[in-house]
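Got a few minutes to get to know a new structure? Grab a pencil and work through the exercises below at your own pace.

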Amino acid sequence: MFKRRGVRLGFASRVRRGALIQLVLFAIAAAAVATAVAVAIPWMPVSAGKEAHRIHFVYWFATVIAIGVFAIVASVLTYSVIHFRARPDDDSDGPPTHGHTTLEIVWTAIPAILVTAISIVSAVVLAENGNAGAHPVKVTVTARQFAWEFTYANGKSYGYLTLPVNEHTKLEITSKDVIHSFWVPQLSQKQDAVPGETNPLIVTPTRLGTYPVICTELCGLGHAIMRSHVTIVSQADFDKFLKGGASAGGGGAPGLAVFNQQGCGGCHTLQAAGASGKVGPDLDNLKAAAAKANKGALADFIKQSIVDPNAYIAPGYSPNIMPPTFGQQIPAAQLNQLVQYLATNTK
Ligand code: CUA
């Protein structure tokens, strides 16, 4: 009897060691597959700013934890499916079980600790990402259906955003009409543009290049085309940019400044302005379009098309998505500059 018991104990411990090895092997396999999926697929856009680096860190922190939990669960599940499966003809009840207090405390405490750790890391990142430093570059971002306007401290405005690398920038975001949302995927953060409110967003670009600015709040028919871009440049190039270039108050044709300020190039092509938008009619074809529309002189046709875009819709562009609000938004003198500029620069 005694001898027989010893044999059975030896067998049990051999089973246990075998089971542990199997569980560990399953866990390693599950972790390897999950890690491959996490690493091999580029889930995230390239990170082009300090804030984006920190946010990506939070993602990876949570991902590593998730892979660990997944490996343990998948391993135990696989082991159980293989070893404790009922035989096809086995209709009997399973053995009665009751709770295991220690196990239950462990599997409650560990997730609680992990979730708390993620909360702490997130809170630290949130606080750091809201820190603009002592002297941030300030840019006012004004959204409207369906264009972005970026105004610098010197009063100059552009349809595109230019930022210096490795400098804190405080974007002060607002809207002239409905709620929009500012998003540069490579800078990782979104901020709503709300009429009557100014919402801050701190970005600290770290990577030279040009990245899209996207509106991520459904704001009307032209929402999908409400795009611009941000170009991250060196400090020297940024200083040069602030001094010159197309702007509301600076050099170049005044009409070109209005064209850029109003974001016309986001939707329209005009070679003279270096614009290549494909959403609305090609402004290099204005003469032919005016002839076809038969609405009087070229300048009159252009002016009417800006102020009352529904008056004549170019073939292929129906229903019209050009906002009817430019007539109220653009001061009369600037509107005339824009009309003159378009009339003389179309081919
Ligand atoms: Cu503006 Cu969507």
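Here come some short exercises on this predicted model, each with a worked solution.

**Exercise 1: the sheet**

Work out the strand order of the open sheet of 5 strands, and find which strands stand at its edges.

Solution. Start with the order: the open sheet reads β4-β10-β9-β6-β7, and its pairing is mixed. Next, look at the edges: β4 and β7 each have a single partner strand, so one side of each is left without a neighbour in the sheet. Going from one strand to the next, the twist averages 25 degrees.

Now for what packs on the sheet. Helix α4 (residues 235-243) does so, touching β4 and β10 (227-233). The direction of α4 makes about 135 degrees with that of β4.

**Exercise 2: one strand pair**

How do β6 and β7 run, and how many bridges join them?

Solution. The two strands run antiparallel, and 4 bridges join them. For a concrete spot, find S181: it stands opposite D192 in β7.

**Exercise 3: a glutamine in a loop**

Place Q186 in the chain, then decide: is Q186 buried or exposed?

Solution. First, the place: Q186 sits in the loop between β6 (180-183) and β7 (190-193). Second, the accessibility: Q186 comes in at 14% relative accessibility. Since buried means under 20%, Q186 counts as buried. Third, check the company. Setting aside neighbours within four places in sequence, Q186 is in contact with a set of residues including P45, V46, S47, A48, Y211 and P212.

**Exercise 4: backbone oddities**

Which peptide bond leading to P319 is cis, and where is P319 found?

Solution. The bond is the one from S318 to P319, with omega near 0 degrees. P319 is in the loop between α7 (298-307) and α8 (326-329). There's a cis bond from Q145 to F146 too, with omega near -5 degrees. F146 lies in the loop between β1 (137-144) and β2 (147-152).

**Exercise 5: positive phi**

Look up the phi of N294 and say whether N294 is buried or exposed.

Solution. The phi is positive, about 55 degrees, although N294 is not a glycine. This residue, N294, lies in the loop between α6 (286-293) and α7. With a relative accessible area of 66%, N294 is exposed. For another case, try N166: its phi is positive at about 60 degrees, and N166 is not a glycine either. You'll find N166 in the loop between β4 (161-164) and β5 (169-175).

Note on methods: Residues are numbered from 1 along each chain as its sequence is written. This is a predicted model: local features need pLDDT of at least 70, side-chain atom pairs count only at pLDDT 80 or more; totals for chains, interfaces and linings use all residues. Side-chain values use heavy atoms; hydrogens and water are left out. Buried means under 20% relative accessible area, exposed over 50%, partly exposed in between (1.4 Å probe, protein chains only). Contact means heavy atoms within 4.5 Å. Two strands pair if DSSP finds at least two bridges between them. Axes are lines fitted to C-alpha atoms, for helices over the stretch in contact, and angles run from 0 to 180 degrees between N-to-C directions.
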